[in-house]
Amino acid sequence: MSKTTTAMLTRLAALDQGSLAQEIEHPEQLVLDRATKGAAHFTEVWAPFDHVNSAARLAIVGLTPGRQQMSAALMSCHSALCAGRSEFEALEVAKIHASFAGPMRANLVALLDDLGVAAEMGLESTAALWGKASGLAHFTSALRYPIFKDNKNWTGTPGPMSVPMLKRRIETTLASELAELGPDCRIVPLGPVAAAACLHAAAQAGVARDRILDGMPHPSGANAERIAVFLGRKSAEKASQQTDPHRLLAARTRLLDQMRRAM
């Protein structure tokens with residue numbers, strides 16, 4: 001565990017409930033770094049997403065934790081620490097509890113199961129990765145800690161490679177994290193920005209390109225039509241042009257081929 005993580009856990013444990021709520025809305029004590037690009041102000045905030053499950057067989061990589069995810073992780077970790085659990089246990093519990101919660105999780109499970117990930121892992125469904133099979137999964141983000149742009153969730157614009165603070169985090173934290181995973185662990189980035197970051201970090205870390213399953217639509221509820229097309233619930237002919245259905249179906253075919261080659 002790094003000195004920074006230990007120091008942040010100490011700060012977190014010292015907060016009362018009111019102070020913690022204030023910190024979630026307007027971070028000050030848990031801020032790791034700040035940067036500007038043009039008129040935009042970026043803030044990197046520590047949250048308990050440090051645990052790395054090096055024994056995982058599947059790593060799911062989002063873009064960066066949003067405020068809701070950060071809140072769930074901080075409150076879970078805070079409760080665990082106050083209950084007397086070890087720092088390691090508190091980090092592990094917080095990460096599993098907060099990772100890809102809400103409607104996004106159901107979409108993600110459907111997409112992974114469609115590609116045959118559950119079958120490859122010997123599971124009935126990848127939903128078990130948030131329950132009895134949590135030891136098989138590693139949940140993370142291209143930017144491990146929450147990134148806020150002008151105190152709002154950063155959504156990937158401007159791209160992380162154009163902001164030195166974010167690029168540095170990808171080339172250090174994400175690269176070392178991917179290198180820590182076993183050689184049989186598949187890596188699933190969510191969305192094109194996370195995929196580009198993973199590919200860049202993997203090249204830095206010497207991680208094989210064929211371990212990265214990129215091309216799935218992001219499981220966000222805002223992507224409902226893209227998800228429906230990818231899963232075959234809606235035909236390409238009935239999909240809107242903005243969905244780019246043929247690109248999605250081509251990506252699905254490529255990913256299924258990638259899965260079959262590894263079996």
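## A guided tour, beginning at strand β3

Select strand β3 and look along its side chains: L58, I60 and G62 point one way, A59 and V61 point the other way, and all are buried, where buried means under 20% relative accessible area, exposed over 50% and partly exposed in between, with a 1.4 Å probe and protein chains only. The model is predicted, so local features need pLDDT of at least 70 and side-chain atom pairs count only at pLDDT 80 or more, while totals for chains, interfaces and linings use all residues. Residues are numbered from 1 along each chain as its sequence is written, and side-chain values use heavy atoms, with hydrogens and water left out.

**Strand β3 and its partners**

Keep β3 (residues 58–62) selected. Five of its five residues are buried, so the strand is largely enclosed by the rest of the structure. Helices (H or I, at least four residues) and strands (E, at least two) are DSSP runs, numbered from the N terminus.

Next, add β4 (residues 137–141), which runs parallel to β3 and is joined to β3 by five bridges; two strands pair if DSSP finds at least two bridges between them. To follow the register, find A59 opposite H138 and V61 opposite T140. Strand β4 is itself mostly covered, with five of its five residues buried. On one side lie A137, F139 and S141, and on the other H138 and T140, all of them buried.

Then add β7 (residues 186–189), which is also parallel to β3 and is joined to β3 by four bridges. Here I60 has V188 as its bridge partner.

**The antiparallel sheet**

Now select β1, β2, β5 and β6. These four strands form an open sheet in the order β1-β2-β5-β6, with antiparallel pairing. Its edge strands are β1 (31–37) and β6 (152–153), each of which pairs on one side only. At the β6 end, β5 (residues 147–149) and β6 pair in the antiparallel sense over two bridges; K149 has K152 as its bridge partner in β6.

**Helices α7 and α8**

Add helix α7 to this view. It lies across β1, β2 (40–45) and β5 and runs at about 130° to β1. Axes are lines fitted to C-alpha atoms, for helices over the stretch in contact, and angles run from 0 to 180 degrees between N-to-C directions.

Bring in α8 next. The axes of α7 (residues 164–180) and α8 (residues 192–205) come within 8 Å and cross at roughly 70°. That makes α7 roughly perpendicular to α8; angles under 35 degrees count as roughly parallel, over 145 as roughly antiparallel, 65 to 115 as roughly perpendicular and the rest as oblique. On α7, the contact (heavy atoms within 4.5 Å) is made by I170, E171, L174, A175, L178 and A179, and on α8 by A197, C198, H200, A201, A202, Q204 and A205.

**Two cysteines**

Select C185 and C198. C198 counts as buried at 0% relative accessibility, and C185 counts as buried at 1%. Their sulfur atoms are 11 Å apart, too far for a bond. A disulfide here is a pair of cysteine sulfur atoms within 2.5 Å, and by this rule the count comes to zero disulfides.

**Last stop: N223**

Finally, select N223, in the loop between α8 and α9 (224–230). At 15% relative accessibility, N223 counts as buried. Leaving aside residues up to four places away in sequence, N223 touches P217 and H218.
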